[in-house]
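Biologist: I have the sequence and the model open side by side, and I would like a close look at one part. Could you walk me through a helix pair and its surroundings, and then point out the backbone spots worth a glance?

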Amino acid sequence: MNRIIASIFALTTVEVFAGIGNLRVNHLDSPLGVDDPAPRMQWRCDSMTQNGGRIIVGTDSMLVASGQGDMWSATLPDGGRNSVIYGGVALRPQTVYYWRIESGETVSPVAKFETGIMGNWAGNWISDNHDQEYRQAPYFRKGFTISKPIKSARAYIAAGGLFDFSVNGSPIGDRILAPVYTRYDRRTSYLTFDVTQQLRHGENVIGIILGNGWYNHQAKAVWDFDKAPWRNRPAFCLDLVIKYTDGTEETVTTDLSWRTSSETPLVYNNIYTGEHVDFNRNIPGWDKPGYDASTWQGVRLRSAPSPLVCSQQMQPIRYVKENKAKRFTRINDTTYVYDFGRNMSGITVINVKGPKNTVIRIAHGERLHDNGTLDQSNIDVYYRGDKHSEPFQTDIITLDGNPGTYAPVFSYKGFRYAQVNCSEPLELNDTSLIAREVHSDVASRGNITSSNPLLDATVKAARNAYISNLIGYPTDCPQREKNGWTGDGHLAIETALYNYDGITVYEKWLADHRDEQQPNGVLPDIIPTCGWGYGTDNGLDWTSTIAIIPWNIYLFYGDDRALRECYDNIKRYVDYVDKNSPTHLSAWGRGDWVPVSTGSDKELMSSIYFFADATILSKAARRFGYEADYNHYSRLAGKIKDAINSKFLDREKGIYAGGSQTEMSMPLMWHVVPDDMIAVVSSNLAEKVAKAGYHLDTGVHGAKALLNALSENGYADTAYKVAVQDTYPSWGWWIVNGATSLLENWDLEATRDISDNHIMFGEIGAWPYKGLGGIFPDEKEPGFKHVILRPNFPDGLKEFEARHESPYGEIVSGWKTKGGKIIYTVTIPSNSRATLYLPQKVNNGKTIDVEPGTHTFSFDRKKLK
């Protein structure tokens, strides 16, 4: 490769404080409850070169700060890599560990992590005395006395269902809908809380409210949630470990001494439909010292829901933002409609006063009828419950005559609008109801800005659709289904990882995959599942998540833990398909879901995913040193590729199958096309798109492939025209018609598949980083240790900038047009490097090595022609 070409290069130096920071364990900041015996430890060096150094881990923060560690001291890996796997003395349960990084004269701040219970539970699983059909949520309390000064206190809580936790009347933590949904009969999660500050000398009380969540789904829907094999009345197990300053220790556990009441205000809760609360049943002070619980009942012991109880180590679900209504409409004195301006996942919070026994219903949806009232017809179509006694996406509140505020605890909805209906006239105003957004609180890691407002708005809508479908696992939609559809998950994985720090959620979801996989390798369409989805179409174009997602995590983070843990599962999956595909072709799948008009060959599409899976498996085998597997699966991938091209490639016409956009773009994006045919197939695809007026004519798989197939093969201008098209069918058509998230159907007049917040067409949220900014990870040096830069500069786009926060720091790729010149600027973080591929005529096809820093290149736009 050539070094930087002086004639087109000018360097701008950006002053940034040099140092080592952002120390994390398993991609979390100072995590509690780490059960991993070999945690991954990550850090970042900003504006400095990491030349060797040490990692130090110990149990004494002062000693670690002075450069000594009683647990582990090791030399950092060569080459400035910023992560290691712990390799010191065996970690002990319920212990705080301190660590720091040294490199040359620079040292990091001391960070810490704390191990969890590591299987050493003292408590029993308990519940109340009702069965799974009983509606009221159970309350539990336990009083105990503290007589000595406390050094630290940790509560470890596992649950089948959801829980709300308080100590002495104070809510603990800011996470909600916890623990997250798992395959409850195979894996149950626990959480760790620091309650040192909430405990006090003298009498103390622990309070627990249990919600049903997905564990005890009482409402009916087509996916048989109510028939889950694990379904039962919610239960929990708790250990409160108190360490005193005198060196002694005490554990308060769940046992038969706890008291419970089911005569509670929360008379119904369902994560799918909503909550019903009766303020007349409030129990003031129930979770505080001094409350008389003599009328409460004893608890009963239960077995654990699953043999595996593991720590929930992931970014939690939280209330992340409050939104006031953008528009408020008084329909009459008992009906009010609130428009919050955009689609979201979340809840509404009402502040209200009214006559005793007034019933308020708060319904949530995405559309309005012509008369301005709420229309749920696009999202309640698969609900099979009683729409009066347990209405869909509706909270029901019975007032007690006093002012009050109500916020649901154990449910969430997908909505833009909320309609409040009152049984008696009430005077509400525009601030009586607010919306709280709810989703996994993963940090933003990317941003797109440009001179085209439609492009920016479309990416914003894609980001919104993605994040409102991340609720402890990736879902398809936050209203109608809330299902972890596998196809939606892998189609949106690059949108996820370019835009958000989602690794901990995906590592959890991949554990769900491993729990759900049958011994023969088959996976269901939706994960987790109560049993639905092991049908006839749960094939390659959907359930290839098991290979595609861990591979992308490896590319984006340079972390192979997920790929390694899924290796045997990928192998079983590929072997199953191989066994059932003697011709190396497979039609196992759902096809190009919700196409505009043109169908595509399902066998071609599923076989391409078969090729992708076998290819990923061979690459993983090579990385892990499994030479026999590498040889076997690389040969298999070659046979699949040959079979695809033998059957579907028409060399004379330069098309695949019938030549649809999907049938042409998928072979190109997944590198199935023979080298000698790439130019003609790409040209034919670009011509087909141009003849369609730069409109999409694909379903979900073509929408994933089309823009990439074009921009990566010399037709970035064509791809850009599709990306910013504003007439039907296109992403832009949704936006100009008022969409604030991505839709499920290209056709705004469609009568089915019409959710207004769906992620399956979400590639538009990733493509600008690649097809315009040209930011790609390199599988040979993953995690953006080496960045591949292939920017494109389409006509009609005067300014563009893509920013992505990689494990090494922020990568920026952008340009401005000034006169007849393009001013291209790129920033590469410390301890990383890049190879820049500018258009052929700009630099005679020569690549440019780009070192860390900010660099500017200037060239004539006419050279792009």
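Modeller: Happy to; here is a walk through helix α13, then another helix, some aromatic rings and a few backbone details.

First, a word on the ground rules. This is a predicted model, where local features need pLDDT of at least 70, side-chain atom pairs count only at pLDDT 80 or more, and totals for chains, interfaces and linings use all residues. Residues are numbered from 1 along each chain as its sequence is written, and side-chain values use heavy atoms, with hydrogens and water left out.

Let us start with α13, which covers residues 678–691. Helices here are DSSP runs of H or I with at least four residues, strands are runs of E with at least two, and both are numbered from the N terminus. The 14 residues of α13 should span 20 Å at 1.5 Å a residue, and its end C-alpha atoms are 20 Å apart, so the two agree; the expected span is 1.5 Å times one less than the number of residues.

The partner is α12, residues 661–669, which packs against α13 at an angle of about 145° with the axes 10 Å apart. Those axes are lines fitted to C-alpha atoms over the stretch in contact, and angles run from 0 to 180 degrees between N-to-C directions. The crossing is left-handed, meaning that the near helix is turned anticlockwise from the far one by less than a right angle. On the α12 side you will find Q661, M664, S665 and L668, and they meet I678, V681, S682, N684, L685, K688 and V689 of α13. Contact means heavy atoms within 4.5 Å. By class, this contact has six nonpolar, four polar and one charged residues; Ala, Val, Leu, Ile, Met, Phe, Trp, Tyr, Cys and Pro count as nonpolar, Asp, Glu, Lys and Arg as charged, and the others, Gly among them, as polar.

The buried residues of α13 are V681, S682, N684, L685, A686 and V689, where buried means under 20% relative accessible area, exposed over 50% and partly exposed in between, with a 1.4 Å probe and protein chains only. Besides α12, these buried residues pack against β36, β37, α14 and α15. After α13 comes G693, with a positive phi near 70°.

Helix α7 (residues 545–557) also ends before a glycine: just after it, G558 takes a positive phi of about 70°. In α7, 13 of its 13 residues are buried.

For the rings, try F163 and F193, an edge-to-face pair with 6.0 Å centre to centre and 75° between the planes. Rings of Phe, Tyr and Trp (its six-membered ring) pair if their centres lie within 6.5 Å, with planes under 30 degrees apart counted as stacked, over 60 as edge-to-face and the rest as tilted. F163 sits in strand β13 and F193 in strand β15, 30 residues apart, and both rings belong to buried residues.

Now the backbone spots. Most residues other than glycine have a negative phi, and most peptide bonds are trans. N357 has a positive phi of about 70° and counts as partly exposed because its relative accessibility is 46%. K482 has a positive phi of about 60°, yet K482 is buried, at 1%. A cis peptide bond joins Y728 and P729, with omega about -10°, and P729 lies in the loop between α15 and α16.
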